[in-house]
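Please open the model in your viewer and keep a selection tool at hand. The stops below are arranged as successive selections.

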Amino acid sequence: MTFVDRRRFLAGAGALSGAAALGVPRPALAQAKPKVVVIGGGPGGATAAKYVARDSGGAIEVTLVEPQRQFTTCFHSNLYLGGLRDWTSITHSYDKLAANYGIRLAHQAAQAIDRDKRTVRLADGSELPYDRLVVAPGIDLKFDSIPGYSEEAAEAMPHAWKAGVQTQILKRQLDALPDGSTIVMVAPPNPYRCPPGPYERVSMMAHVLKAKGHKSSKIIVLDPKDSFSKQALFMEGWEKHYPGMIEWQDPKVHGGIKGVDPKAMTVTTELETYKAHLANIIPAQMAGKIARDAGLANQTGWCPIDPTSMKSVNDPNIYIVGDACIPGDMPKSGFSANSQAKVAAMTIRGELANARTFPARYTNTCWSLITPEDTVKVGGAYEPKDGKIAAVSTFISQKGESPELRRQTQDENMGWYSGITSDVFS
Ligand SMILES: Cc1cc2nc3c(=O)[nH]c(=O)nc-3n(C[C@H](O)[C@H](O)[C@H](O)COP(=O)(O)OP(=O)(O)OC[C@H]3O[C@@H](n4cnc5c(N)ncnc54)[C@H](O)[C@@H]3O)c2cc1C
């Protein structure tokens, strides 16, 4: 059956018995309700699960597969690091998704996807059949992209690029630093989760050191990139609020990052070896393992999608949303994941419940704190164009904005966090 045929077939849900009489193979559709399985309960997966379940009014059975019982957001984890939010305020439960929309929660890892049989095998060996599958596992870290770095080394030199224990280790280390300390951050190469995230993190670290009265502590950022998101705004802010504390080095300055030694707590570049009191090492990244194992990623390690629907280009029954996908001009962000998930959910309801669909539209904004009251933003609106998700309009904060405007931008940021977490988890 071609994909177009399958679409028509699925749209005519009332004609199922006739189709069955024709001997069409469709194991999962023989059930009373079409089944959607979602792998991953971050902003991508949880949003997709909610919007399919809520907007189909019970016509589609939705199962969310996520090993964690509570989800701590990476977004605003830098505010936790800066002492501006506590842990519970960035941690969310899935209970309301089950209670409010009847979503079935499977709190285990998905181990394999059988694309031919259309089943997901869980850690306990059981299998979930699906008519449509949403794959939203986020990122995996390429530990071996930095010689000497490993999952074990990350206990001494945290990446804190997946929220949880790693974020807590980083905060403990930061809070314990005496004056005169050296923090070394190795920033990740493109593409990676949250383009301004490392630089907001540097700002929040500097805020903590300054608030503790440090006079001679330093933060050295070793970057494999020549430039970074909102660079002019961060540089201006660092000069204004933390003069002399932050030193950003691009490859022309450091000559290349050669490796780390977690026992000696050193980071070595082509030109120098730095002894760090705190080393925050953020390696290169790729789509989560389950997506790569299922053959949904290409040679880049990320998953190509159809920008009109978020459908995998490799499988018409699978959608990929959030950090794991190749999002065109969109950054990998929680805001983007939530926006992409709504397009996927709409298309799925169109296919399985004959719901009306509309052309795909996406939005994103990323706010970053330089100080608790000096916040900048970048964002845009996006549409499918030339085979990718393309920016149709963009905006960015300007250098030299008034303190009042920057405070308003921070108020927006806090409002956004409340709004998106309530949209995703309740
Ligand atoms: C420091 C930092 C600051 C950030 N700040 C912002 C910000 O201000 N604004 C913003 O929009 N974004 C921000 N981000 C980015 C944002 O956190 C990510 O882009 C977003 O979380 C991606 O969502 P996702 O659903 O794709 O993946 P994730 O949030 O990673 O969720 C994936 C989920 O899938 C689960 N999973 C993985 N494999 C399996 C499996 N095999 N079976 C079942 N479940 C599985 C994981 O347990 C996880 O819960 C920030 C990131 C960082 C690191």
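The tour below moves through a predicted model, one selection after another.

**Stop 1: Ile 113 and its surroundings**

Begin by selecting residues 110-114, which form strand 6, and pick out Ile 113 within that strand. Is Ile 113 buried or exposed? Its relative accessibility is 13%, and the cut-off for a buried residue is under 20%, so Ile 113 counts as buried. Now display the residues in contact with Ile 113, leaving out those up to four places away in sequence: they are Ile 39, Thr 119, Tyr 130, Leu 133, Val 135, Ile 290, Ala 294 and Ile 318. Add Asp 293 to the view as well; it lies 180 residues from Ile 113 along the chain, yet 8.2 Å separates the two C-alpha atoms.

**Stop 2: two successive hairpins**

Extend the selection to strand 7, residues 119-122, which runs antiparallel to strand 6 and is joined to it by four bridges. The residue of strand 7 that stands opposite Ile 113 is Val 120. Four residues lie between the two strands of this hairpin, and Arg 118 adopts a positive phi near 55 degrees there.

Next, add residues 127-129, which make up strand 8; three bridges pair this strand with strand 7 in the antiparallel sense. Thr 119, a contact of Ile 113, has Pro 129 in strand 8 as its bridge partner. The hairpin of strand 7 and strand 8 also has four residues between its strands, and here Gly 125 shows a positive phi near 90 degrees.

**Stop 3: the largest nonpolar core**

Which residues touch the most other members of the largest nonpolar core? Select Trp 238 and Met 310: these hold that position in a core of 114 residues. Helix 11, residues 334-353, supplies the largest share of the core, with seven residues. Colour the model by domain to see that at least three residues of this core come from each of domain 1 (3-138 + 288-425) and domain 2 (142-284).

Centre the view on Trp 238. Beyond its neighbours within four places in sequence, its contacts are Tyr 199, Val 202, Ser 203, Phe 228, Pro 243, Ile 246, Trp 248 and Ile 370.

**Stop 4: an open parallel sheet**

Show strands 11, 12, 13 and 17 together. They form an open sheet with the order 13-12-11-17 and parallel pairing. Its edges are strand 13 (246-249) and strand 17, each of which pairs on one side only. On average, neighbouring strands are turned by 15 degrees against each other, direction ignored.

Inside the sheet, follow strand 11 alongside strand 12 (residues 218-222): five bridges connect them in the parallel sense. Val 186 may be selected here, with Leu 222 of strand 12 opposite.

**Stop 5: helices 7 and 6**

Turn on helix 7, which lies across strand 11, strand 12, strand 13 and strand 17 and runs at about 170 degrees to strand 12. Then select helix 6 and highlight its buried residues: Gln 166, Thr 167, Ile 169, Leu 170, Lys 171 and Leu 174. The elements covering these buried residues include helix 4 (77-81), strand 11, helix 7 and strand 17 (278-281).

**Stop 6: backbone details in loops**

Go to the loop between strand 11 (182-186) and helix 7 (197-211), where Pro 191 is located. The peptide bond from Asn 190 to Pro 191 is cis, with omega near -10 degrees.

Two further loop residues may be viewed as a pair. Ala 160 is not a glycine but has a positive phi of about 55 degrees; its loop connects strand 10 (139-142) and helix 6 (165-175). Asp 386, also not a glycine, has a positive phi of about 50 degrees and sits in the loop between strand 23 (374-385) and strand 24 (388-396). Ala 160 is buried, at a relative accessible area of 2%, whereas Asp 386 is exposed, at 75%.

**Stop 7: helix 3 against helix 12**

Finish with helix 3 (residues 43-55) and helix 12 (residues 403-425), whose axes are 7 Å apart and meet at an angle of about 55 degrees. This angle makes helix 3 oblique to helix 12. To display the interface, select Pro 43, Ala 46, Thr 47, Lys 50 and Tyr 51 in helix 3, together with Ser 422, Asp 423, Val 424 and Phe 425 in helix 12.

Terms used. Residues numbered from 1 in each chain as written. Predicted model: local features only at pLDDT ≥ 70, side-chain atom pairs only at ≥ 80, totals over all residues. Heavy atoms only, no water. Buried < 20%, exposed > 50% of the residue type's maximum accessible area, 1.4 Å probe, protein only. Contact = heavy atoms within 4.5 Å. Pairing = 2+ DSSP bridges. Core = buried A, V, L, I, M, F, W, Y, C linked by side-chain atoms within 4.5 Å. Domains from an automatic or database assignment. Axes fitted to C-alpha atoms, helices over the stretch in contact; angles between N-to-C directions. Parallel < 35°, antiparallel > 145°, perpendicular 65-115°, else oblique.
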